[in-house]
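Trainee: Could you take me through one part of this model up close, the loops with unusual backbone, and then whatever connects to them?

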Amino acid sequence: MTREFRHDPVMVDEVVEALATTPQGVLVDATVGGGGHAAALLAASTSHRLIGVDRDPAAIEAAAERLAPFGARAQLVRARFDEVAAVLDELAPGEPFAGVLFDLGVSSPQFDEAERGFSYRFEAPLDMRMDPDDPHSAADVVNRWSEEALAELFSENGEPRFARRIARAVVAARPLQTTLELADVVRGAIPPAARQRGGHPAKRVFQAVRIAVNQELELLPVALERAASRLAPGGRAVVISYHSGEDRIAKRLFAEAAAGWCTCPPGLPCVCGAVPAMRVLTRGARMPSAAELAANPRSASARLRVAERLEAPWRAGGSGEEA
Ligand SMILES: C[S@@+](CC[C@H](N)C(=O)[O-])C[C@H]1O[C@@H](n2cnc3c(N)ncnc32)[C@H](O)[C@@H]1O
């Protein structure tokens, strides 16, 4: 019996609208979590089957329970999302790849289960690994990274004003063992007047450490390009991000693929032979509706982008670089 896995999937109608309408084939939910989006997709379309991928074994267990009613139409694989191409080679060779979903960030259970160490609200060892078999935990980042590297990490991930002060305080307080120790150090490093504004002062620092532990910003561009390049014509990629760094990666890849990686100066006719490989379907990022925001406050930072694969080979006329 699995521990109850409660995660309210975000922007489900928008995901279903984008992916359940694609040509027949296999859909990949690259971040299957508790299987909420996956179940909605399988229920909405009988012309698709679905492979769900997640690096967290607790998520795979929960998704297996949730998707059991769909029988063989749902398959689950514990893997990292940059391994989607290999998963397709093994489980769906020759089948049209109709769509892929990346619902980024963490699931509610990852946050809410104190012992996983993601939350500044509960005392726990500094862990934050989505995959418990990964070699590096939050304790390694906090206790081993140089002061400069920590300052850069905090600064680039939402804490630009006090990044240096916090990094200095963390290094001075080493070794740090638990979440609450880290939260206290961060709080103490921020001037009292600034502590009153916004949420808990440790929120963005914890997010930055989590992003580093799980290499979130390094894996996403590779994973997204590998998956998008494999889509069948008419297949779609959907990305839901919760952080501006992630959203920028999706926006940039879709824009570059839609311009065929054109290298000509902006405003001049294209003479470099670029051939678009995708069409962007979302003008700007879509956000949750007011009703969804009221029902699920955790959806507040969600931004959704969709792009559709065209016939042209990936990077046909562009740099020649392969995904
Ligand atoms: C926001 S949750 C997804 C929730 C899911 N859409 C649902 O309906 O329940 C994000 C999931 O992505 C997984 N994840 C994050 N980075 C990953 C990666 N690089 N490879 C595979 N899974 C990843 C996390 O373990 C987590 O379960």
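Mentor: Trp 261 sits in the loop that runs between helix H13 (244-258) and strand S6 (278-280). Keep in mind that this is a predicted model. The phi angle of Trp 261 is near 55 degrees, so we have a positive value in a residue other than glycine. As for its surroundings, Trp 261 has 20 other C-beta atoms within 10 Å, and since 20 or more is what counts as buried, Trp 261 is buried.

Now hop to another loop, the one between helix H5 (108-112) and helix H6 (138-144), where you'll find Met 128. Here too phi is positive in a residue other than glycine, near 65 degrees for Met 128. Met 128 has 28 C-beta neighbours inside 10 Å, so Met 128 counts as buried as well.

The next loop has a different kind of backbone oddity. Pro 175 is in the loop between H8 and H9, and the peptide bond joining Arg 174 to Pro 175 is cis, with omega about 0 degrees.

That brings us to the two helices around this loop. The axes of H8 (residues 163-173) and H9 (residues 179-189) come within 9 Å and cross at roughly 135 degrees, which means the pair is oblique. Their crossing is right-handed. On the H8 side, Arg 165, Ile 166, Ala 169, Val 170 and Ala 173 make the contact, and they meet Val 185, Val 186, Gly 188 and Ala 189 of H9. Sorted by class, that contact comes out as seven nonpolar residues, one polar and one charged.

Methods. Residues are numbered from 1 along each chain as its sequence is written. This is a predicted model: local features need pLDDT of at least 70, side-chain atom pairs count only at pLDDT 80 or more; totals for chains, interfaces and linings use all residues. Axes are lines fitted to C-alpha atoms, for helices over the stretch in contact, and angles run from 0 to 180 degrees between N-to-C directions. Helices (H or I, at least four residues) and strands (E, at least two) are DSSP runs, numbered from the N terminus. Angles under 35 degrees count as roughly parallel, over 145 as roughly antiparallel, 65 to 115 as roughly perpendicular and the rest as oblique. A crossing is left-handed if the near helix is turned anticlockwise from the far one by less than a right angle, and right-handed if clockwise. Two residues are in contact if their C-beta atoms, placed from the backbone, lie within 7 Å. Ala, Val, Leu, Ile, Met, Phe, Trp, Tyr, Cys and Pro count as nonpolar, Asp, Glu, Lys and Arg as charged, and the others, Gly among them, as polar. A residue is buried if 20 or more other C-beta atoms lie within 10 Å of its own, exposed if 12 or fewer, and partly exposed in between; C-beta atoms are placed from the backbone.
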